[in-house]
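Work through these exercises with the model open. Try each task before reading its solution.

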Amino acid sequence: MILVLFGAPGVGKGTQAAILAEKLGIAHLSTGDAFRAAIKNQTSVGLLAKEYVDSGKLVPDDVVARIVEEAMGGEQFAAGCILDGFPRTRAQADALDGLLTAKGLTISHVVNLDVDDDTIIARLLQRGRADDQEEIIRNRLGVYNAETAPLLEYYSEKGLLTSVNGVGEVDEVTQRVLTALA
Ligand code: AMP
């Protein structure tokens, strides 16, 4: 199964992806985690990504492609995976289709976690990651609305999209996602 967990920053994609990966026995790829690890380890991708991640802008698509190709080449991805925070642009969605087609795979589901902006901002301020300051959060939400949200229509037209209410207890939301996959 290839599951794309979709939604604005702070809707709980990372939390839900980790739980679902465990329950479903498939890999979890968070491009945000991959970039943070690359930045920490000062790899070539990390050096390229740092200024974008720090300011809440999107890392350029070619750099994203490098990290995704590397991760999805790993053996643990053979059984499927949950994609968390990727794709975020139409070019990334096309790149993903290309990568999957080459492996004889297709996206099984795109699940959009729906959370209102006030709840998102409150959650992110509470999380307190380096890029969770109010101004950077507003940047990230703006980037999401301009560049990433249009993918909802793209996946909806393909008949792959289900929206799930992302407000509530963590296990309630997990159950809603599992129901959407059934
Ligand atoms: P996240 O952990 O998903 O909130 O991502 C944190 C930051 O990593 C984002 O604000 C971007 O700078 C960068 N990032 C993560 N995934 C992507 C992606 N698919 N495309 C571009 N930038 C990304």
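**Exercise 1. The strands**

Which residue stands opposite Cys81 in E3? Then trace the strand pairing outward from there.

Solution. Ala27 stands opposite Cys81 in E3. This is a predicted model: local features need pLDDT of at least 70, side-chain atom pairs count only at pLDDT 80 or more, and totals for chains, interfaces and linings use all residues. Residues are numbered from 1 along each chain as its sequence is written, and side-chain values use heavy atoms, with hydrogens and water left out.

Step 1. Fix the terms. Strands (E, at least two residues) and helices (H or I, at least four) are DSSP runs, numbered from the N terminus. Two strands pair if DSSP finds at least two bridges between them.

Step 2. Start at E2. Strand E2 (residues 27-30) runs parallel to E3, joined by 4 bridges.

Step 3. Move to E1. E1 and E3 also run parallel, with 4 bridges. Here Leu5 has Asp84 of E3 as its bridge partner.

Step 4. Cross to E4. Strand E1 (residues 2-6) is joined to E4 by 4 bridges, again parallel. Val4 has Val110 as its bridge partner in E4.

Step 5. Finish at E5. E4 pairs with strand E5 (residues 161-165) in the parallel sense over 5 bridges. Thr162 in E5 is the bridge partner of Val111.

**Exercise 2. Burial of E3 and E4**

Which residues of strand E3 are buried on each side? Why is E4 largely enclosed?

Solution. Step 1. Set the cut-offs. Buried means under 20% relative accessible area, exposed over 50%, and partly exposed in between (1.4 Å probe, protein chains only).

Step 2. Recall the general pattern. In a regular strand the side chains alternate between the two faces of the sheet.

Step 3. Apply this to E3 (residues 81-84). Cys81 and Leu83 are buried on one side, Ile82 and Asp84 on the other. Both faces are covered.

Step 4. Turn to E4 (residues 109-114). 5 of its 6 residues are buried, so E4 is largely enclosed by the rest of the structure.

**Exercise 3. A buried lysine**

What does the side chain of Lys13 reach at 3.0 Å?

Solution. Step 1. Locate Lys13: helix H1 (residues 13-24).

Step 2. Check for a charged partner. A salt bridge is a side-chain nitrogen of Lys or Arg within 4 Å of a carboxyl oxygen of Asp or Glu. Lys13 is buried yet has none. Asp84, the nearest side chain of opposite charge, is 5.1 Å away. For charge, Lys and Arg count as positive, Asp and Glu as negative; His and the chain ends are not counted.

Step 3. Look at the backbone. The Lys13 side chain reaches the backbone oxygen of Gly7 at 3.0 Å.

Step 4. List contacts (heavy atoms within 4.5 Å). Beyond four places in sequence, the contacts of Lys13 include Phe6, Gly85 and Leu113.

**Exercise 4. A salt-bridge network**

Which residues do salt bridges with shared partners join into one network?

Solution. Step 1. Take the total: the structure holds 10 salt bridges.

Step 2. Pair Arg127 with Asp132, whose closest N and O atoms are 2.8 Å apart. Arg127 is partly exposed at 42% relative accessible area, while Asp132 is buried at 4%.

Step 3. Follow Arg140. Its salt bridge with Asp131 has closest N and O atoms 3.9 Å apart. Arg140 also meets Asp132 at 3.0 Å, N to O.

Step 4. Join them up. Shared partners link Arg127, Arg129, Asp131, Asp132 and Arg140 into one network of salt bridges.

Terms used. A polar contact is a pair of N or O atoms within 3.5 Å; within protein, one must be able to donate a hydrogen and the other to accept it, and residues adjacent in sequence count only if both atoms are side-chain atoms.
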